[in-house]
Amino acid sequence: MTVRFSLRRSTITTVLLVTATLTCPPPSTAATIAVVDTGPVGFAAVNALGQNGTTGGAGGPTVTATTAAQFLDYIARPGPYIIQVSGTITLPTGSSDGMHDVTSDKTIIGLGSTARLVGGGLNIGLPVDDDLTSPPANAVHNVIIRNLSLSGATDDLINVQMFSHHVWIDHNDLSNGDDGAIDIKRGSDYVTVSWNRFHDHDKTLLLGHDDDNGAQDVGRLRVTYHHNYFDGSDQRHPRVRFSELTHVYNNYYRDNSYGVASTYDAKILMEGNYFFSVNNPGRVEFSGDLGRIVQRDNILVDCNHEIETRGSVPEPRTLYPYTADPASSVPTVVPAGAGVGKI
């Protein structure tokens, strides 16, 4: 593998596509790892918009939901709450198409490895308002979703919208939603999506929902995706428009039609990822106006195309601290640590 990159002040400029000639199958995932729970890494940890990192329901009461009625009551309450989910909760569809609003300052966390939300999805954000082009004072913020299996939603599994900020989605198992697994859109900002397993799903991660939504999205949609396992999920890992910076690092891609797509001048750094049997690992010629991709230290095995690169992007290390694992360790580390029952 040959990679060369240069740093220019606080931007990275790509100068060469990655080349890989490895033909070995992915390593065994039998290893186990211990996850140290130190809070989010990436944009959800950044102090901005009046919020110091992402703490969720810290400082509020801890409650346990075992029924849909309890769960929907707790997520709608004002103020901080740590909401533990026990067992399987089937969310109703009703008039909301199965999407249920989560208010600010909430931690939603599954107990053990068997906590499940089925049949409906979680909406983090105010109702859609196309005329709103800057963050309102009441934007939903400071939400954590961890250690849950989410499946079978009639719309999205998780939707983040309308200038919501400081959201951490971590160590979940997401599958079989009718639309997106995690959609982040309409001016949302400062989000980290980490250590999740995605499988049996088509349109996985959407960042920026529409080609005409620059008024809400330009200068926002700052998201970190790290240590996620795209386990045969098909596409959008993520599919991005307008983002000020999307940092995609140490993710494991296995048997996908495409990995990352950058359009409408979205700025993406792909770093230390491992792609096994992925048709298009990274694309800037996709649909609509071209985006930007800078890549470094990625490994491609049995892929049909190289990572397409274009332009320059900000350097994440000027915005937050992080440590990237070697890409060669990703097929072992990520499946062993991603998903539920690992925290």
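Here are some exercises on this predicted model, each with a worked solution.

**Exercise 1: The sheet**

Task: Work out in which order the ten strands of the open sheet are arranged, and which strands sit at its edges.

Solution: Start with the order. Reading across, you get S5-S6-S9-S12-S15-S18-S21-S24-S26-S28, and the pairing is parallel. Now look for strands that pair on one side only: these are S5 (62–65) and S28, the edge strands. As you step from one strand to the next, the twist averages 10°.

Let's zoom in on the S5 edge. S5 pairs with strand S6 (residues 81–85) in the parallel sense, over four bridges. In that pairing, Val63 stands opposite Ile83 of S6. Helix H1 (residues 68–76) packs on the sheet here, touching S5, S6 and strand S9 (106–110). The direction of H1 makes about 145° with that of S5.

**Exercise 2: A strand inside the sheet**

Task: Find out how strand S26 is paired, and whether its faces are covered or open.

Solution: Take the neighbours one at a time. On the S24 side (residues 246–249), the pairing with S26 is parallel and runs over four bridges. Thr246 has Ile268 of S26 as its bridge partner. Strand S28 (residues 292–296) also runs parallel to S26, and five bridges join the two. Here Ile268 turns up again, standing opposite Ile293 in S28.

Next, check the two faces. Lys267, Leu269 and Glu271 lie on one side, Ile268 and Met270 on the other, and all of them are buried, so both faces are covered. With five of its five residues (267–271) buried, S26 is largely enclosed by the rest of the structure.

**Exercise 3: Thr263 and its surroundings**

Task: Decide whether Thr263 is buried or exposed, then list what its side chain and its contacts reach.

Solution: First, place the residue: Thr263 belongs to strand S25 (residues 252–263). Its relative accessibility is 0%, and the cut-off for buried is under 20%, so Thr263 counts as buried.

Then see who is around. Ignoring neighbours within four places in sequence, Thr263 is in contact with Arg239, Val240, Arg241, Phe242, Phe286, Ser287, Asp289, Leu290 and Gly291. Val240 deserves a second look: the Thr263 side chain reaches its backbone oxygen at 2.9 Å. Finally, try a C-alpha distance: Thr263 and Arg283 are 20 residues apart along the chain, and their C-alpha atoms are separated by 8.6 Å.

**Exercise 4: Ser151 and a polar contact**

Task: Identify which side chain makes a polar contact with that of Ser151.

Solution: Ser151 sits in strand S13 (residues 149–151). Its relative accessible area is 12%, so Ser151 is buried. Beyond residues up to four places away in sequence, it touches Arg116, Leu117, Val118, Gly119, Leu157, Ser175 and Asn176. From this list, pick Arg116: a polar contact of 3.1 Å joins its side chain to that of Ser151.

**Exercise 5: An aromatic cluster**

Task: Classify the ring pairs that Phe43 makes with Tyr190 and with Tyr320.

Solution: The structure holds eleven aromatic pairs. For Phe43 and Tyr190, the ring centres are 6.1 Å apart and the planes are at 70°; over 60 degrees means edge-to-face, so that is what this pair is. Phe43 lies in the loop between strand S2 (11–14) and strand S3 (47–48), while Tyr190 lies in strand S18 (residues 189–194), so the pair ties together parts 147 residues apart in sequence. Both rings belong to buried residues: Phe43 has 2% relative accessibility, and Tyr190 has a relative accessible area of 10%.

Now the other pair. Phe43 and Tyr320 are also edge-to-face, at 5.1 Å centre to centre with 80° between the planes. Tyr320 is in the loop between strand S30 (312–314) and helix H3 (330–337), 277 residues from Phe43. Tyr320 is buried too, with a relative accessible area of 4%. To finish, join the members up: Phe43, Tyr190, Tyr249, Tyr320 and Tyr322 form one aromatic cluster.

**Exercise 6: The nonpolar core**

Task: Name the residues that touch the most other members of the largest nonpolar core.

Solution: That core has 60 residues, and the ones to name are Phe71, Ile108, Leu117, Ile124, Ile158, Ile182 and Ile184. Follow Phe71 as a sample: outside its stretch of four places either way in sequence, it touches Ala65, Ile83, Val85, Ile89, Leu91, Ile108, Leu117 and Leu122.

Notes
Residues numbered from 1 in each chain as written. Heavy atoms only, no water. Buried < 20%, exposed > 50% of the residue type's maximum accessible area, 1.4 Å probe, protein only. Contact = heavy atoms within 4.5 Å. Polar contact = N/O pair within 3.5 Å; in protein donor to acceptor, adjacent residues only side chain to side chain. Pairing = 2+ DSSP bridges. Phe/Tyr/Trp six-rings, centres within 6.5 Å; stacked < 30°, edge-to-face > 60°. Core = buried A, V, L, I, M, F, W, Y, C linked by side-chain atoms within 4.5 Å. Axes fitted to C-alpha atoms, helices over the stretch in contact; angles between N-to-C directions.
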